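Student: Please take a close look at one part of this structure for me. I would like the sheet, its strand order and what packs on it.

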Amino acid sequence: MLLTTILLKRLSNNLLLFTLTLALLFSSCHEKESEDFISYVDPFIGTDKMGHTFPGASVPFGMVQLSPDTDTISYEENGSYNKRVYEYCAGYQYDDPTIVGFSHTHFSGTGHSDLGDILIMPTRGSLKLNPGTEKFPEKGYRSKYAHESELAEPNYYSVKLLDYGIKAELTTSTRVGFHRYTFPESDNAHIILDMIHGIYNYDDKNIWTFIRVENDSLITGYRQTSGWARTRKVYFAVSFSKPFRAYGHTREEKGVYKGFYKKFDQENNFPEIAGRDIRAYFSFDTDKGEQIKLKVALSPVSTQGALRNMKAEVPHWDFDKTMMQGQEKWNRELSAISIETIKPEHKTIFYTALYHTLLSPVTYMDYDNRYMGLDRNVHIAEGFTNYTIFSLWDTYRALHPLFNIIQPSRSSDIVESMIAHFDQSVHPMLPVWSHYANENWCMIGYHSVSVIADAIVKGVYKENIDRALEASTETASYGKYDGLDHYMELGYIPEDKENYSVSKTLEYAYDDWCIGQIAKQAGRDSLYNIFSSRSESYRKVFNTKSGFMHPRLSNGQFRKEFDPLDTYGQGFIEGNAWNYGLYVPHAIPEMIQLMGGEKKFISILDSLFISDLSDKHIDKNEDITRDGIIGLYVHGNEPGHHIPYLYNWTGNAYKTQERVRMIMNTMYSGDTNGLCGNDDCGQMSAWYIFSAMGFYPVCPGSDHYSLGSPLVREAQIHLDNGKTFIVKAINQDKENVYVKEVYLNGRKLIRSYITHKELVSGGDLVFHMSSTPN
C-alpha cells in the first residue's frame, strides 16, 4: 500500500500529519528521494518461521528497535535447552495469536538471541502482573490480536489489542522509542513495565533491575543481564504524557537478605524499586479515545544519558512528527538504489531486503558520543559513530561489501568501532561476534579482518591502516582462541583437538589472506608473505583419496569415520563437506585444480544442485532446514552463498546465471515466510540485493565482483561521490535468464567480473539477456 494511502487513513484525527505528508510528497518532487521507497517495504517478510525478523519500528541503524513480542518462551526447559526458543530470536512469530508487549531492543534475523529490553504493555481492567502463557493467555496481561488490524511500515507499527480495546502505535528516533496508546473510557487503565521480560530468557538471567520514580510522569532506571552478552547493562528513561495516579510493583524472587526496607510499603507508590525480577505498573483514568504517550530513551552509559538523548532527539510530544522524520531517513537510505523490475513483487522483495540490511549494526553511543566499552569504562567516540551487533561470520560475506558501495562513511565508522573494540578488550582480538560492549565468541573465524581488508582495498577506510594491520595480526596470533595455537603450529586444526576443525582451517586461511591484503596496502612485504603463506592452509585439509576437505587428526592422518553429507560432527559448523568444502574464495583456480581440474569441478557443482540431502543429515542442525535447500546446496545458511558463482571460474558461466536466477525465484518471496533461512543481520538480504543487480562479492578483500544474471530491468546505484552506476538488462524477461553479452561503458566485457573502481567511477553495465545459454 502506498504511503499516501496509509497516511490518508489517519487524516481524520491529525491535520498536522496531512501537512507533513504534503511537504514530503511535493517539496522535492524532482529529486530521487521523492519516490516513495518505503511503500515498497514490507516488514512482515521473514517474520514467519526461519527468517527471524521483526516487524516493529526503527530508524536506519537505530539503537532503539521497538517491536511487539508475541511470546515468552524460556531458553531452559526441565534443565535442558528448549528447542522452541529458537523460533523467537526476534521475539515475534507471525502465526502467534497473542502479543505480550512491546520491547525496545531486538536482533534482526539471528540464529541465537538476547535483548528484548524494557517491555511496555498497555492494559485496562483488573491488574495482572504476569504475562500469562501460550496455553492460558487469559491468566496474564498479554492480549489477542488480529493481522487485519496490524500495520507495519518503516518506522511505524500499529495493532489493536483486542482484549483491551486499545490501539497501540510505535515509532522511534535513533535512541528513543515513542509509544501512542488510544484507550477506551476506563477508571482502571494501566501501563505495565516488565523488567523480567527478555528474549532467550531464563531464571537468573537478570542480575539486577532498578526503577526510580522521579515524579508523576517520569521514571528512570536500568536493567543488567547475563545472557549471550554476559555483562550487559541498559539504562532508560520513560516520560509519560499524562501523570499517573498510582503505581506499584511485584518482585518475583526469594532471596534471604531483605535489608531494612521493610520500614516501607514498597509495593505501592514507593519511588525506589529494586530487585532481580520486577514488574511495575502505572495506573490512569482515561476518557474514550484518550491517548497516552510514552517516550522511552535508552543509553549505554547512564540514566542522565538517556534523558539527554530524549531531550536531544524527541523534545516534544508530536508522535507523527517523529514518525515522519524517521520515514524521511528511510527514504533517503533506500533511495541509494533505484530499480525497475519485471514484476511488482520483485520491488517489494528488493526494498525489503535493502531495509533489512540497514537495521544492523546499531548505533551504540549517546547523543554526546559517550558509550560503554568492553573494559566497562565510559569512552567517547571521537570523529566516528560507534556501532555494535557484529554478526561477522555471516555479514562479512556480502553485507559489509554492500556498505562499501552504498554506505562508505558508515563502513569507515564500523572499522573504527572494531578497532576501538580491540583497544578495549583484555584479549588482543578484534570482534568475532559482539554486541552491547560484550564479545560473545559465537561462531568461528576472525572475520573483522575481512571487513577491514575490504574497506581498505576499496579505498573506503583510509584513517589508520598501520593500526588496523597491527590489530589484525595480533588477532590472528592469539593462540588461546579457538584452536589458533594448533593452526599456527601444524598449518591446520586437528579434529581430535578442536570441533569444526575443517571449517576453522578454511575460514582462518581466508582471513589470513585478507590480512595479507592489508599488509600489501600498508607496504609491509614481510607480513604480506607470512600471511599469504598461511592462507594456503586449506591444502592441508584436502584429502585426495576422499576428494573432499576432510577432518584431519593431530598425527597427520585423516579421520577414518567421515560422511561428507552429514552436517553434524564431520568437522564442519552448520554445513557439510559438499557445501563448506568449497570455501576457498581467495584461491578458486587453485581449489579447482586441487579437486581434479575444471571438468571434475563442474561435475561437483552440478551434483551439488541436483542430488538429495536426506533428513538424517540435517536433523541435528537447527540452522539448516528444508526451506533453504536445493539438492545438496544450502542457501538458508551462509557458508555456501558464493557457490552459485563458482561456475564463472569454469567454462560453464551460464550455469551461474541459471542458478542465481533460480535461487532468487525460489528462496525469496514477498510472503511472511519469504526468507528461506535466518536473515542473519542482513546477510541473506544482501545476497539478494547484489544478485538481483547482476554481480556478487565472491571474495571480500579483493576488488572484484563476479557477474551473474540480473533480475532487475534496471538498477541505478547513486554513489556518495555524486556519480551513478547504472545496470541495465536488455531483453529482460522471466525466461531470459542467460547472458548473451555484457558491455561496460560501451565496451564488450571478455571477463566475468567488474572491479570496485569501475563501479564507483560511475557508468553503465549492460547485460543482453537470452533464453539460451551462451
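Tutor: What follows goes through the sheet, then the helices on it, then one further strand pair. Keep in mind that this is a predicted model.

Start with the sheet. It is open and has 9 strands. Their order is E8-E9-E10-E11-E19-E15-E14-E13-E17, and the pairing is antiparallel. Strand E8 (151–153) and strand E17 (272–275) are the edges, each pairing on one side only. On average, neighbouring strands of this sheet are turned by 15° against each other, direction ignored.

Now zoom in on one pair. Strand E15 covers residues 232–240, and strand E19 covers residues 290–299. The two run antiparallel and are joined by 6 bridges. One contact point to look up is Ala-237, whose bridge partner in E19 is Ala-297.

Next, the helices. Helix H3 (residues 303–313) lies across four strands: E11 (176–183), E14 (218–225), E15 and E19. Relative to E15, helix H3 runs at about 50°. Helix H4 (residues 319–334) also packs on the sheet. Helix H4 touches E8, E9 (156–161), E10 (166–172) and E11. The direction of H4 makes about 45° with that of E10.

Last, the further pair. Strand E6 (residues 119–124) is joined by 6 bridges to strand E12 (residues 186–194), and these two run antiparallel. Within this pair, Thr-123 has His-190 of E12 as its bridge partner. How is E6 placed, enclosed or open? Of its 6 residues, 5 are buried, so strand E6 is largely enclosed by the rest of the structure. Buried here means under 20% relative accessible area.

Methods. Residues are numbered from 1 along each chain as its sequence is written. This is a predicted model: local features need pLDDT of at least 70, side-chain atom pairs count only at pLDDT 80 or more; totals for chains, interfaces and linings use all residues. Side-chain values use heavy atoms; hydrogens and water are left out. Buried means under 20% relative accessible area, exposed over 50%, partly exposed in between (1.4 Å probe, protein chains only). Two strands pair if DSSP finds at least two bridges between them. Axes are lines fitted to C-alpha atoms, for helices over the stretch in contact, and angles run from 0 to 180 degrees between N-to-C directions. Contact means heavy atoms within 4.5 Å.
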